[in-house]
Amino acid sequence: MLEQVRLTATVRAAGCAAKLSPSVLDTVLRRLPRQTDANVLVGFETNDDAGVYRLSAGLALVQTVDFFTPIVDDPFFFGQIAAANALSDVYAMGGRPISALSIVAFPEKGELEILGEILRGGLAKMTEAGCIVIGGHSIRDEDMKFGYAVTGLIDPKKIWRNVGAQPRDALLLTKPLGTGVISTGLKQGRIAEATVTSAMATMSRLNRDTAEVLSELEERTPEAIHAVTDVTGFALLGHAREMAVGSGVSLEIDHTSIEYLPGAIAASREGFYSGGLNNNRQFIGECVTFQASVPEEMRNLLFDPQTSGGLLVALDPDQAEVALRALAAREVSARRIGRVLEKRSPLIYVI
């Protein structure tokens, strides 16, 4: 039965491509009242990866929640990817995950073996991260969904934000792009097995090694890390936009320096575009200018919703090569993809 059921075919949108449009969220969130608790160190106002609540002068909680529909057909890997994706928000803030609550939406007449494999995959990844699953909540839903609410610990003086990038900073990206177009092609049954296998390996890998390398760099060179965010449903350009707007800077991104998953460029050429990609383009498009030589398939990949993507890091340019060597030693596929500029028009320029 596990081999017969194609999970991606049972839902309308896969993974982080199922997110609400960023324009819808932006409209709604701007209407909400601002936080007034002085212990809220990071709230939802800057669209950061997680919230941070101070418990004492030296300790704070970092909290996040993330869940989505199946991004792959293998239920065990779906559970692993959902867990890695939820944990990523804590790593992107510089925190250490300690506990998690599972979120399950499953068809009333769904195969219990499938649900068991999803939960087993998620638990395996949480165990790898040293994060204890202490409970959860489930509901009946014809569209299968899975994820976690994760709590971590963080030093209030060492929080990484998605704002704070400075002119001259180097931009690093720590995972290849293309999970959205690959999962869309998978839903249509038109993606090679080897391509899916490569994408699953990337999405199920924790961003823990990257976070540890950045923390070690920061210990040796204080204030070397200026801004960090993980790249997920709003695509590379969407998360880059949040960094640029919040930091009061502009970004230049070299599309030829970015690593793409095997088969991703071909999938983009085939037009395997999700509704999430189109939403991202509509919301971000006016902020971005492409050099004429950038091919259309590459432009679309920069709007492609990513699931369990890598971290986008703005750091002191003198430390970029040091960071890349340390990341390579951990077998993290990191690339230097651009630089931070003084604020100008356009906000983001892709060469």
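**Close-up 1. A235 in helix 7 of the predicted model.** A235 is found in helix 7, and its phi is near 70 degrees, a positive value in a residue other than glycine. Most residues other than glycine have a negative phi. With a relative accessible area of 0%, A235 is buried, because buried means under 20%. Helix 7, which spans residues 235–247, also holds H239. H239 counts as buried as well, at 5% relative accessibility. Leaving aside neighbours within four places in sequence, H239 is in contact with T229, D230, V231, T232, G233 and F234. H239 and K343, which are 104 residues apart in sequence, are 17 Å apart in space, C-alpha to C-alpha.

**Close-up 2. E223 in the loop between helix 6 and strand 8.** E223 has a positive phi of about 70 degrees although it is not a glycine. The place of E223 is the loop between helix 6 and strand 8, where the residue is exposed, with a relative accessible area of 66%. A235 also has a positive phi near 70 degrees, but A235 is buried, with a relative accessible area of 0%.

**Close-up 3. The second largest pocket and its lining.** This pocket has a volume of about 410 Å³ and is lined by 19 residues, of which K157, K158, I159, W160 and E218 lie nearest its centre. Strand 6 (145–154), helix 6 (208–220) and strand 8 (225–230) are the elements that give two or more residues to the lining. By residue class, the lining of the second largest pocket divides into eight nonpolar, four polar and seven charged residues.

**Close-up 4. Aromatic pairs and an aromatic cluster.** The structure holds five aromatic pairs. One of them is formed by F76 and F77, in an edge-to-face arrangement with 6.4 Å centre to centre and 90 degrees between the planes. Within this pair, F76 is buried, with a relative accessible area of 18%, whereas F77 counts as partly exposed at 25% relative accessibility. The two residues fall into separate classes because buried means under 20% and partly exposed covers the range from there up to 50%. F78 and F146 form another edge-to-face aromatic pair, with 6.3 Å centre to centre and 70 degrees between the planes. This pair links distant parts of the chain, since F78 lies in helix 2 (residues 75–93) and F146 in strand 6, 68 residues apart. Both partners are buried: F78 has a relative accessible area of 0%, and F146 has one of 1%. F78 and F146 also belong to one aromatic cluster, together with F68 and Y148.

**Close-up 5. The largest nonpolar core and the contacts of I348.** In soluble globular proteins, nonpolar side chains tend to be buried together. Here the largest nonpolar core has 100 residues, of which V150, L236, L237, I258, L302 and I348 touch the most other members. Helix 2 gives the most to this core, with 11 residues. Not counting residues up to four places away in sequence, I348 touches L237, A240, R241, L251, I253, C287, V288 and T289.

**Close-up 6. The cis peptide bond between S345 and P346, shown with E286.** Most peptide bonds are trans. The bond that joins S345 and P346, however, is cis, and its omega is about 5 degrees. P346 is placed in the loop between strand 12 (335–342) and strand 13 (348–350). The C-alpha atoms of P346 and E286 are separated by 8.5 Å, although the two residues are 60 residues apart along the chain. E286 is found in a loop too, the one between helix 9 (275–284) and strand 10 (288–290), and E286 counts as exposed at 81% relative accessibility.

**Close-up 7. T202 in helix 5 and its contacts.** T202 is found in helix 5, which comprises residues 193–203, and counts as buried at 16% relative accessibility. When residues up to four places away in sequence are not counted, T202 touches K175, P176, L261 and S308.

Notes: Residues numbered from 1 in each chain as written. Predicted model: local features only at pLDDT ≥ 70, side-chain atom pairs only at ≥ 80, totals over all residues. Heavy atoms only, no water. 1 Å grid on protein atoms, 1.4 Å probe; cavity = no way out; pocket = protein on both sides within 12 Å on 5 of 7 lines; lining within 4 Å. Points joined across faces, edges and corners; volume = space filled by probe spheres on them. Helix = DSSP H or I, 4+ residues; strand = E, 2+ residues; numbered from the N terminus. Nonpolar A, V, L, I, M, F, W, Y, C, P; charged D, E, K, R; others polar. Phe/Tyr/Trp six-rings, centres within 6.5 Å; stacked < 30°, edge-to-face > 60°. Buried < 20%, exposed > 50% of the residue type's maximum accessible area, 1.4 Å probe, protein only. Contact = heavy atoms within 4.5 Å. Core = buried A, V, L, I, M, F, W, Y, C linked by side-chain atoms within 4.5 Å.
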